Each structure stands twice: as structure tokens, then as C-alpha cells.
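I opened this notebook to write down, step by step, what I looked up about empty space inside a protein chain and about what surrounds that space.

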Amino acid sequence: MSNGVSAAILAWGATLQSLRSPDRHGHFDSVVLGYTRLDDYRQAGGRLGATMGRYANRIENGRFQLDGRWHQVDLNEGSHAIHGGPEGFDRRLWQVAAVADAPDHPEVLLRLESPDGDQGFPGRLTLTVSYALKPPGDLVISCEASCDRPTVFNTTNHAYFNLAGEGSGSALDHRLAILADHFLPVTEALIPTGEIRSVQGTVFDFREPKPLGRDIRADDPQIRLGRGYDHCYALSRDGAEPYPRLAARVVEDSRGRLLDVLTTEPGLQLHSGNVLTGRYNGASGRAYRQSDGFCLEAQHFPNAPNVPHFPSSVLRPEQPYRSTTIYRLGIAPPR
């Protein structure tokens with residue numbers, strides 16, 4: 001625990017099971033969706049709170065060319081690959097490498113070894129993920145990866161947030177701001193077309209805060225394709241940066257919680273909980289239905305291995321991967 005914020009981490013999928021914080025009245029709730037039974041994590045869709053890999057999000061046709069050679073990875077979304085394949089990193093038992101319980105700075109380090117050819121991806125890869133709580137109310141997720149031959153790699157945390165508290169119902173009234181001038185339009189398969197489109201004049205413009213649900217039923221072709229928001233935003237970046245910058249801010253007015261998302265990653269996937277079906281009950285005993293939570297997934301762009309002008313997701317032995325994403329919880333000023 002740090003400044004009243006606490007987290008529970010599972011070795012299964014390197015999963016963020018709960019993230020408890022106080023509201024403006026001093027009441028504590030988890031602000032991420034999660035289950036109490038391992039079987040639910042195994043069987044339910046949505047990948048709640050898990051660490052994605054080897055490639056978070058989608059790769060078109062599960063194929064990509066690297067250094068002149070084509071690679072075919074395992075398919076698990078029709079004719080495409082998503083989140084690393086049928087047995088992605090969210091479905092692995094990770095090694096707990098270290099635990100530190102320092103005052104105001106508890107931390108757990110998890111490690112996973114992915115062999116050459118895992119789900120069709122080339123090269124042996126080692127990934128470590130650190131979850132650390134730091135003042136004033138930060139959950140810091142740090143990732144490091146190395147490989148023994150060139151490969152492609154993309155990871156993210158797949159937490160679903162509801163700042164009114166886990167199991168409290170729809171999150172569509174949360175006020176969201178995303179610091180991005182552009183987003184990535186998608187095909188019917190939800191794979192980026194390659195265009196980097198301005199948000200100006202579109203329902204994807206969150207540069208000024210607005211309720212997540214304000215335009216979610218808009219007559220917009222991209223909204224219809226995603227059944228809501230399931231799109232990556234191109235964050236404004238000056239280049240490769242070693243320090244996290246603010247990417248998004250969320251405020252929930254009834255309980256007064258505020259969430260800032262800071263990251264070193266070039267993209268932020270907004271997912272409005274479109275896949276939650278109500279089939280499974282969460283930790284509160286209430287069923288998770290569509291838009292009962294939303295994701296803000298800091299990552300590289302989907303399908304980047306097949307789009308040369310996207311930021312590169314190639315990982316080489318001489319260039320280890322490092323990224324940091326911070327979920328910063330606080331109390332919003334009264335409106």
C-alpha cells in the first residue's frame with residue numbers, strides 16, 4: 001500500500017486483479033474489473049488486467065516480414081492474430097522474480113521466458129514486468145524485454161477501469177480527455193488501415209474532456225465497426241522518450257476519483273468495454289456488461305510490423321525494450 005492505494009497482482013497472466021483507492025468521501029473500492037476465481041480468468045473473454053504479448057493487439061493475417069523473411073504466427077481472431085495468439089502471455093503462469101515491501105514503495109517483479117517459435121514468433125524472448133506503488137497514488141508498470149534474434153514485440157496492460165468502483169455499472173458517464181490529435185481508422189476486422197487521421201471534427205476528438213458515452217451511439221462508420229470505441233490514438237511525441245508523459249485523464253464525478261495515464265509508448269488504445277457480455281460475475285458478485293469498464297492501453301500501434309510508417313515494433317538483441325506506464329489515482333476538484 002502507498003498513500004492509501006493498494007494493488008493485488010496475480011502470477012497468472014501477470015494480471016492486475018484489483019487496484020483499490022479512496023474516493024472523495026474516504027470510501028475504498030477497486031477501480032479495475034477483476035475476478036476472484038482463477039477459472040473465470042481462464043474461461044472468460046476480455047483478458048481483464050492481464051499483460052499482453054508477444055504482440056498486443058492485432059497483426060493482419062498473422063503474417064509479417066522481418067529482414068526479408070516472412071513469418072506466420074498462430075491465428076485466433078478469424079484469419080488474424082490478436083494479443084499474441086491462442087496461448088498469449090495472458091494465459092501463462094509467470095515467475096514471481098522478486099517482491100519488495102518497502103514503506104510507501106511496494107513492488108513485485110514477474111518474469112516470463114518465451115522460446116523461439118512461441119506461437120510462431122521468431123527468437124527467444126525474456127520479459128520482465130514490474131508493478132510498483134509510489135506516492136502520491138501511482139501504480140507504475142515497467143516492462144523490459146530482450147531477445148536473442150530479431151523479432152517483433154508489443155505489450156500492454158489490459159485493465160478495465162471504472163472509477164465509481166468495480167461492479168458499479170456503466171462507465172459511460174466518465175469524463176475522458178486524450179491528449180492526441182490523431183487516431184488510427186480500422187477495417188471491418190478492426191485492423192488499422194494505415195491512415196493516421198485527424199480527430200478534428202470527429203467523434204474521436206477527446207482533446208477536451210467529454211463523457212465516454214456521449215458519441216458512442218453516433219452514426220459513424222468507425223463507431224459501427226468497433227461497436228463503440230476500439231481504436232488506437234497516436235500520441236503527440238517528439239521522438240523516443242525515456243520518461244512518461246501525460247496521455248489521458250479520466251474523472252468520475254459521483255465519487256470524485258481522477259485517473260491520469262502517463263506513458264513512454266507512442267499509442268493509446270481506447271476500448272469502451274464492447275466485449276463484456278454479462279456472462280461472468282466480477283469480484284463484487286455483479287455481472288460485467290457492455291461498457292461496465294473501459295481500457296486505456298498504452299502500446300505500440302496495432303499491425304505495426306506490416307505498416308512501415310508506423311513506429312517500429314522490431315526488437316533486436318542489441319536494442320532491449322523498455323517502457324513505463326503510470327496509472328495515477330487522485331481526487332478531482334469539485335466542479
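**Cavities, cysteines and strands**

I began with the largest cavity, which is lined by 13 residues, and I noted that I141, C143, T156, N157 and T325 lie nearest its centre. Two elements give two or more residues to this lining, namely β11 (138-147) and β23 (321-331). I also noted that β23 supplies the largest share, 4 residues. By type, I sorted the lining residues into 6 nonpolar, 6 polar and 1 charged.

Before going on, I wrote down that this is a predicted model, in which local features need pLDDT of at least 70 and side-chain atom pairs count only at pLDDT 80 or more, while totals for chains, interfaces and linings use all residues. Residues are numbered from 1 along each chain as its sequence is written, and side-chain values use heavy atoms, with hydrogens and water left out.

I then copied out my terms. A cavity is a set of points on a 1 Å grid over the protein atoms alone where a 1.4 Å probe fits but cannot get out, and lining residues have an atom within 4 Å of a point. Grid points are joined across faces, edges and corners, and a volume is the space filled by probe spheres set on the points. Strands are DSSP runs (E, at least two residues), numbered from the N terminus. Ala, Val, Leu, Ile, Met, Phe, Trp, Tyr, Cys and Pro count as nonpolar, Asp, Glu, Lys and Arg as charged, and the others, Gly among them, as polar.

How many cavities of 30 Å³ or more does a search of the whole structure find? I found 2, and about 120 Å³ of space lies in the largest. The second largest has a volume of about 40 Å³, and strand β17 (residues 230-234) gives the most to its lining, with 3 residues.

Next I looked for disulfides (pairs of cysteine sulfur atoms within 2.5 Å), and the search of the whole structure returned 0. For C143, the nearest cysteine sulfur is that of C147, 15 Å away. C143 is buried, with a relative accessible area of 9%, where buried means under 20% with a 1.4 Å probe and protein chains only.

Last, I followed the strands, which pair if DSSP finds at least two bridges between them. β11 and β23 pair in the antiparallel sense over 8 bridges, and S142 stands opposite T324 in β23. Strand β19 (residues 257-263) also runs antiparallel to β23, joined by 7 bridges, and I recorded I331 in β23 as the bridge partner of R257.

Conventions: On a 1 Å grid over the protein atoms alone, a cavity is a set of points where a 1.4 Å probe fits but cannot get out, and a pocket is an open set with protein on both sides within 12 Å along at least five of seven lines; lining residues have an atom within 4 Å of a point. Buried means under 20% relative accessible area, exposed over 50%, partly exposed in between (1.4 Å probe, protein chains only).
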